[in-house]
Amino acid sequence: MRLVFLGAPGVGKGTQAERIAARFRHPKISTGDILREAVRNQTSLGLEAKACMDQGKLVPDAVVVGIVKEKLAEPSCAGGFLLDGFPRTVKQAEELAVVLKTQGQRLDQVVNFTVSREEVVRRLSGRRSCPKCGAVFHVDSAPPKQAGICDRCGAGLVQRNDDRKETVEARLSVYEEQTAPLIAYYRQRDALSEVDGSGSIDEVHARLLDLLAARGLA
Ligand code: AMP
């Protein structure tokens, strides 16, 4: 199973990728998570990426392509993988195709999650993340058992810098301009499926499993 999860920020693709990865025991490659970890650890990658991320802009293609290339070369990805938040530009998609081709692989499916802009803003503004283990909550729809505390590891939850209202608008514009064209790109290559991302996490998950089963992937 070689999948790409596509969609606007806040659409729920990371949450669904996490579940699918656990269920099918495939590695989830989330460029956003990798970059945030680099920022936390103040590596040179993190220092380079931080300014772009804080402004809601994309990190340069060459940087993220390098990250993904390295990951895909790991033996754990040989049997399948899930890409979450990559590719985000047509250039990245083209580079991914080249990398996969040289490994004798191709994508099985690109899943595009859709929700209204209003719902995306609601989800992002209420999202709270664990800086330690990466678990994600929502103040209304997926609250932690104890307010502000991670259920999984007990650390204090935070709002991501780029989930603040000012940055959310910038991220949505970047998505429309640079990432939305990938929908047409993959549709032309007969690789695209759409999943309605509205409703609960379980509802979306059930739709996704149905889709994967219909494509003979699950
Ligand atoms: P995410 O967690 O996927 O919303 O990503 C958070 C931020 O990381 C984005 O707003 C970008 O600044 C950066 N980022 C993540 N993935 C990519 C990518 N594929 N290309 C460029 N920048 C990325």
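**Figure 1. The shell around the ligand mixes residue classes.** In this predicted model, the shell around the ligand is made of six nonpolar, four polar and six charged residues. Of the 16 residues around the ligand, those that come nearest are Thr31, Arg36, Lys57, Gly85 and Gln92. Which helix gives the largest share of the shell? Look for helix H2, residues 31–40: four residues of the shell come from there.

**Figure 2. Polar atoms of the protein meet nitrogen and oxygen atoms of the ligand.** Start at Thr31, where a polar atom of the side chain sits 2.8 Å from a nitrogen atom of the ligand. Gly85 takes part through its backbone: one of its polar backbone atoms is 2.9 Å from a nitrogen atom of the ligand. Now find Arg160, which has a side-chain N or O atom 3.2 Å from an oxygen atom of the ligand. How much of the ligand does the protein bury? Taken alone, the ligand exposes 480 Å², and the protein buries 96% of that.

**Figure 3. Arg160 sits in a loop and is buried.** You can find Arg160 in the loop between E6 and H7. Is Arg160 buried or exposed? Its relative accessible area is 15%, and buried means under 20%, so Arg160 is buried. The side chain of Arg160 makes a polar contact of 3.0 Å with the side chain of Asp162. Setting aside residues up to four places away in sequence, Arg160 touches Arg36, Arg127, Ser129 and Arg171. Remember that Arg160 also reaches the ligand, with a side-chain N or O atom 3.2 Å from a ligand oxygen.

**Figure 4. Leu157 is found in the loop between E6 and H7.** That loop is the place of Leu157, and with a relative accessibility of 15% this residue counts as buried. Which residues does Leu157 touch, not counting residues up to four places away in sequence? Among them are Arg128, Ser129, Cys130, Pro131 and Phe137; the list also includes Pro144, Gly148, Ile149 and Cys150. Try comparing sequence and space here: Leu157 and Val136 are 21 residues apart along the chain, and their C-alpha atoms are separated by 8.8 Å.

**Figure 5. His205 lies in helix H9 and contacts residues far back in the sequence numbering, such as Ile20.** Helix H9 covers residues 201–214 and holds His205. His205 counts as buried, at 10% relative accessibility. Along the sequence, His205 and Ile20 are 185 residues apart, yet their C-alpha atoms are 8.4 Å apart in space. Beyond its neighbours within four places in sequence, His205 is in contact with Gln16, Arg19, Ile20 and Arg23.

**Figure 6. Helix H6 packs through its buried residues.** Which residues of H6, the helix of residues 117–126, are buried? They are Val120, Arg123, Leu124 and Gly126. These buried residues of H6 pack against strand E5 (127–129), strand E6 (136–138) and helix H7 (165–179). Here is a handy idea for reading such a view: an α-helix has 3.6 residues a turn, so residues three or four places apart point the same way.

**Figure 7. The whole chain puts the close-ups in context.** The chain has nine helices and seven strands. Its C-alpha trace spans about 45 × 40 × 35 Å along the principal axes. The radius of gyration is 17 Å, which agrees with the value near 17 Å for a compact globule of 218 residues. Buried residues make up 44% of the 218 residues.

Note on methods
Residues are numbered from 1 along each chain as its sequence is written. This is a predicted model: local features need pLDDT of at least 70, side-chain atom pairs count only at pLDDT 80 or more; totals for chains, interfaces and linings use all residues. Side-chain values use heavy atoms; hydrogens and water are left out. A residue is near a molecule or strand if one of its heavy atoms lies within 4 Å of it. A polar contact is a pair of N or O atoms within 3.5 Å; within protein, one must be able to donate a hydrogen and the other to accept it, and residues adjacent in sequence count only if both atoms are side-chain atoms. Accessible areas come from the Shrake-Rupley method with a 1.4 Å probe; for residues, only the protein chains shown count as cover. Helices (H or I, at least four residues) and strands (E, at least two) are DSSP runs, numbered from the N terminus. Ala, Val, Leu, Ile, Met, Phe, Trp, Tyr, Cys and Pro count as nonpolar, Asp, Glu, Lys and Arg as charged, and the others, Gly among them, as polar. The radius of gyration is taken over C-alpha atoms; the globule rule is 2.2 Å times the number of residues to the power 0.38. Buried means under 20% relative accessible area, exposed over 50%, partly exposed in between (1.4 Å probe, protein chains only). Contact means heavy atoms within 4.5 Å.
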